[in-house]
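Here is a friendly walk through a protein model, taken one region at a time. Keep the structure in view and turn it as you read.

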Amino acid sequence: MRTLLITLALARAWQPQLPQTGNWTQLIEEELDRSLRVYERPANVDQAYRLAEQLLADPDRFVLILGDTLIADARLLFNKKGLHHLEFVKSTIERKGHANVLYNYEWNADGFRSEDQLVREGCATPFQLTRVKPRSWSLQKTAKPLPRFVIAKRHGYAQCGLLVPNCYFEDLKRWRHITKLIRGEARNRTFASRDDRAFWRGSIRTQPECADEMGNFARTQAVALSARHPALFDVRCLDCDVRDEATKPCDAYKFDEDTRKVIADDFAKLHAPHVGKQLFSRYKYQLNLPGSVSGSYSRNLNHLWSVGSVVMMWDAPFVEFYYPALSDETHVTVDIQNAAEKFSALRNDQQRQQKLLANAERVSQELLCPSCLESYWRKLIRRYRSYFRLDAVLDDRDTLRRLLAGLDVSKLKLVALDVSTKWKLVSPRFLTEPGQLQAIADAATVDPDATPAPARMWRERRAKKKKASETAADITDVKRRAAKKWLRGVTGCLGHFSLCCAGGPDVQAARRRGIATMFLGLRRIKDIDLAKEDERPRSKGAEIPGYKAVVYRSDKSARVGGLSFAIDSGRNVSDLDKVRKKGKTKPASAPRRPKKRPEPQRRLDSYFGGGGSQKKPRRSATSDDAANESGAGPWACSKCTYLHETADEWGYLACKVCDAPKPDGA
């Protein structure tokens with residue numbers, strides 16, 4: 001009987017799992033299309049205009065993108081999750097620009113502001129809700145839901161909303177940097193060398209209401225597994241604030257007897273310090289648990305797919321945008337009843353481990369990479385604009401100006417973020433006048449009365465930039481430059497002398513024949529044994545046993561490819577005919593005349609001070625005091641008539657201008 005129960009528990013699928021009838025991208029797009037069809041599509045432009053007015057009526061959540069300008073209320077901008085979402089949108093604008101769009105962004109992890117608001121707006125609720133006013137149930141039948149972008153759906157796919165990447169992906173550049181660090185650390189550890197336990201770190205924080213305890217309930221059960229099965233689980237809490245069932249009873253979430261024993265014993269022993277994301281790769285298995293606030297998604301899962309470990313998901317109904325592609329082929333689903341049995345079976349199944357590792361890497365590379373997130377976002381925006389006909393409202397200048405004229409700028413705190421696609425800079429500014437909105441609208445739309453520039457002008461400009469066909473002189477010039485470059489590399493310090501190194505007599509002979517046809521007037525001088533230190537030239541620092549070198553002397557000219565060149569000295573290679581015209585007859589072997597070092601110039605004395613040869617004593621407070629106490633008063637120079645106020649400041653009695661001695665008695 002026990003074996004049958006374990007088999008049924010292992011066979012149960014993950015709650016949000018959809019039938020895998022296509023590739024991953026197709027499954028995600030099908031769920032996106034199904035979410036759009038939940039809402040009523042506007043029949044014409046007038047209905048789309050009224051929908052846009054309703055979206056603008058919620059200043060806490062609307063986001064307006066016009067061209068390269070991102071507009072939102074300060075209340076959304078100063079919200080932590082709202083700011084992270086705007087950073088994500090900003091990074092997509094920087095890469096390839098953005099289409100004009102208007103939407104409401106729901107930043108709550110549940111996917112709605114409150115259960116009552118979800119029902120009151122007319123959303124279908126085929127799941128249990130406990131915090132709804134009676135009047136809202138009657139409004140649900142007639143109200144039409146307003147489309148909103150949500151980061152997760154707590155109650156599964158049946159909940160209304162359009163899923164977008166959660167806000168903790170933040171800026172795409174930052175996300176690329178984070179994943180690069182995590183992957184780099186993961187590559188340093190092989191899978192076999194890692195800890196063979198399931199790993200998790202997080203916080204448990206008691207919520208005021210019982211309905212929001214689902215996440216803490218799951219986390220407490222998982223942490224208790226570490227006490228019951230320490231060889232299998234390393235699941236510990238940073239903050240271990242577990243709900244006390246005696247003082248705060250919750251009938252919806254009651255702990256089993258084993259968990260109660262762990263809590264009663266000493267739950268604080270399961271506390272552990274924080275572990276950085278890059279160090280998660282120490283473990284073979286990563287456990288993902290629901291969020292602690294309400295039991296919805298956890299941002300911890302964003303990077304678990306990149307750690308190079310097997311991902312284990314605690315069974316829960318919440319979903320994110322890429323969940324349609326997930327199944328039992330990408331992760332292992334566990335709960336309190338089957339966690340130990342499933343995990344023990346997984347540790348002994350190496351074939352399934354490798355398959356899960358490969359699919360986890362696919363999730364990271366094909367669904368959560370920066371370009372993947374951007375691709376999904378642009379598909380969502382394109383289909384959202386088309387389905388609700390917002391392109392006809394936001395791309396038409398007159399309609400957009402009329403829509404923005406209805407906004408009372410004085411009562412809002414609108415902030416415009418001007419994103420530069422060229423310099424990757426953001427310039428924020430507050431919008432305090434209606435004219436600022438109208439200017440943004442004009443810049444983001446096309447004037448219907450403007451005359452477009454003909455395409456022929458563009459073609460003419462491109463035609464002018466075409467490169468002219470090569471002539472015979474150009475080809476010869478290219479050959480000349482290539483020959484000069486080759487000669488510089490071959491000769492090096494060969495201007496007049498040549499070192500021809502080879503490993504044997506045959507190769508030496510072949511090398512000599514090649515040099516003789518290249519360098520004119522080649523003469524053999526002597527042989528050098530590179531193994532002998534006294535004969536080895538300075539350029540050959542290492543001893544090479546059995547390696548010979550032949551020293552040649554040549555004239556200062558060479559012939560390569562039918563072209564004649566003059567080797568003046570070192571790597572200086574010139575055309576031979578140009579050298580003859582200039583009359584250069586100095587042989588390359590002539591020694592260089594050393595440059596004469598310039599003599600140091602002595603600083604001459606002047607009326608404005610200077611570097612005379614006489615060293616003046618340092619000025620000190622003692623000398624000034626002695627001069628003042630001696631009663632020395634003003635005196636005039638007998639040579640230049642310069643009037644000195646007091647005794648000389650530098651300690652000797654002379655004129656400061658002409659250095660004439662001080663007259664006696666002055």
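Start with two strands that lie side by side in this predicted model: β3, which covers residues 101-106, and β4, which covers residues 149-150, run parallel and are joined by two bridges. If you look for Tyr105, you will find that its bridge partner in β4 is Phe149.

These two strands belong to a wider arrangement. Seven strands make up an open sheet with mixed pairing, and reading across it gives the order β5-β4-β3-β1-β2-β11-β12. The edges are β5 (162-163) and β12 (426-431), each of which pairs on one side only. Now look for a helix lying over part of this sheet: α17, residues 434-444, lies across β1 (62-66), β2 (69-73), β11 (414-419) and β12. The direction of α17 makes about 135 degrees with that of β12.

A second sheet is waiting elsewhere in the chain. This open sheet has five strands with parallel pairing, in the order β7-β6-β8-β9-β10. Its edge strands, pairing on one side only, are β7 (233-240) and β10 (332-334). From one strand to the next, the twist averages 25 degrees.

Strand β8, residues 283-288, is a good place to pause. How many of the six residues of β8 are buried? Six of the six are, so β8 is largely enclosed by the rest of the structure. Its pairing can be followed towards both β6 and β9. Strand β6 (residues 195-204) runs parallel to β8 and is joined to it by three bridges, with Ala198 standing opposite Tyr285 of β8. Strand β9 (residues 310-314) also pairs with β8 in the parallel sense, over four bridges, and here Gln286 stands opposite Val311 of β9.

Helices pack on this sheet as well. Helix α9, residues 214-228, lies across β6, β7, β8 and β9, and runs at about 140 degrees to β6. Helix α13, residues 350-366, packs on the sheet too, touching β8, β9 and β10. The direction of α13 makes about 85 degrees with that of β9.

From here, follow the chain beyond β7. The loop between β7 and α10 (257-266) holds Asp251. Is Asp251 buried or exposed? With a relative accessible area of 65%, Asp251 is exposed, because the cut-off for that word is over 50%. Its C-alpha atom is separated by 9.7 Å from that of Ala211, although the two residues are 40 residues apart along the chain. Asp258, in turn, has its place in helix α10. Its relative accessible area is 36%, so Asp258 counts as partly exposed. Measuring C-alpha to C-alpha in the model, Asp258 and Arg228 are 8.2 Å apart, while in sequence they are 30 residues apart.

Another helix to pick out is α14, which has 18 residues, numbered 370-387. From its first C-alpha to its last it reaches 26 Å, close to the 26 Å expected at 1.5 Å a residue. Among the buried residues of α14 are Leu373, Tyr376, Trp377, Leu380, Ile381 and Tyr384. A general point helps in reading such a list: an α-helix has 3.6 residues a turn, so residues three or four places apart point the same way. Just after α14, Arg389 takes a positive phi of about 55 degrees.

Next, turn to the nonpolar interior. The largest nonpolar core has 141 residues, and those with the most contacts inside it are Tyr103, Phe149, Tyr322 and Tyr323. Phe149 is a familiar name, being the bridge partner of Tyr105. What is Tyr322 in contact with, leaving aside its neighbours within four places in sequence? The residues are Ile28, Leu301, Trp305, Val363, Leu367 and Leu368.

Finally, step back to see the whole chain. It contains 22 helices and 20 strands, and of its 666 residues, 45% count as buried. Among contacts with a separation of 6 or more, 69% come from residues 24 or more positions apart. The chain exposes about 37,300 Å², with carbon and sulfur atoms supplying 52% of it.

Note on methods. Residues are numbered from 1 along each chain as its sequence is written. This is a predicted model: local features need pLDDT of at least 70, side-chain atom pairs count only at pLDDT 80 or more; totals for chains, interfaces and linings use all residues. Side-chain values use heavy atoms; hydrogens and water are left out. A nonpolar core is a set of buried Ala, Val, Leu, Ile, Met, Phe, Trp, Tyr and Cys residues joined through side-chain atoms within 4.5 Å. Buried means under 20% relative accessible area, exposed over 50%, partly exposed in between (1.4 Å probe, protein chains only). Contact means heavy atoms within 4.5 Å. Two strands pair if DSSP finds at least two bridges between them. Axes are lines fitted to C-alpha atoms, for helices over the stretch in contact, and angles run from 0 to 180 degrees between N-to-C directions. Accessible areas come from the Shrake-Rupley method with a 1.4 Å probe; for residues, only the protein chains shown count as cover. The expected span of a helix is 1.5 Å times one less than its number of residues.
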